[in-house]
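Dear colleague,

I am passing on the structure we spoke about, and my notes on it follow directly below. Please read them with the coordinates open beside you.

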Amino acid sequence: MASSLHLWTRDCDSSNESCEKPVSNFLKSGVPGIVTGVIVLGAICVFIYLHIRNRKRDAREDQEIRKWNEVNV
């Protein structure tokens, strides 16, 4: 039992760097960069959609006001 327990435990302390798992540079910088880029791109798409929708609504309201002014003149 003692020999199998040795396979699961590590001799780690806070000053020993051998306990840390190796991580590639891509995971440290690439993945957060991609996630940030996707979030920013999504936000830009939403703002463009809202801007176009607002312009269409304003144009429709302006046309309704022009029709109302023509009828009442």
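Two helices and zero strands account for the secondary structure of the chain, and it should be kept in mind throughout that this is a predicted model. Helix H2 covers residues 25-72, and of the 73 residues in the chain, buried ones make up 3%. The surface that the chain exposes comes to about 7300 Å², with carbon and sulfur atoms supplying 62% of that area.

The UniProt record, an unreviewed entry, places a "transmembrane region" at residues 30-50. In the model this span is 100% helix and 0% strand, and the C-alpha atoms at its two ends are 30 Å apart.

Two surface patches deserve a look. The nonpolar one, with an area of about 740 Å², is formed by Val 23, Phe 26, Leu 27, Val 31, Ile 34, Val 35, Val 38 and Ile 39; of these residues, Phe 26 can be located in helix H2. The other patch carries negative charge and brings together Asp 58, Glu 61, Asp 62 and Glu 64 on the surface, and here Glu 64 is likewise a residue of helix H2.

When you go through the model, I would suggest beginning with the annotated span at residues 30-50 and then turning to the two patches.

With best wishes

Definitions and conventions
Residues are numbered from 1 along each chain as its sequence is written. This is a predicted model: local features need pLDDT of at least 70, side-chain atom pairs count only at pLDDT 80 or more; totals for chains, interfaces and linings use all residues. Side-chain values use heavy atoms; hydrogens and water are left out. Patches are made of residues with over 30% relative accessible area and no salt bridge: like charges are joined within 9 Å, nonpolar side chains (Val, Leu, Ile, Met, Phe, Trp, Tyr) within 5 Å. Accessible areas come from the Shrake-Rupley method with a 1.4 Å probe; for residues, only the protein chains shown count as cover. A salt bridge is a side-chain nitrogen of Lys or Arg within 4 Å of a carboxyl oxygen of Asp or Glu. Lys and Arg count as positive and Asp and Glu as negative; His and the chain ends are not counted. The place of a charge is taken as NZ of Lys, CZ of Arg, CG of Asp or CD of Glu. Helices (H or I, at least four residues) and strands (E, at least two) are DSSP runs, numbered from the N terminus. Buried means under 20% relative accessible area, exposed over 50%, partly exposed in between (1.4 Å probe, protein chains only). UniProt positions are given in the numbering used here, feature names are shortened, and annotations may be inferred rather than shown by experiment.
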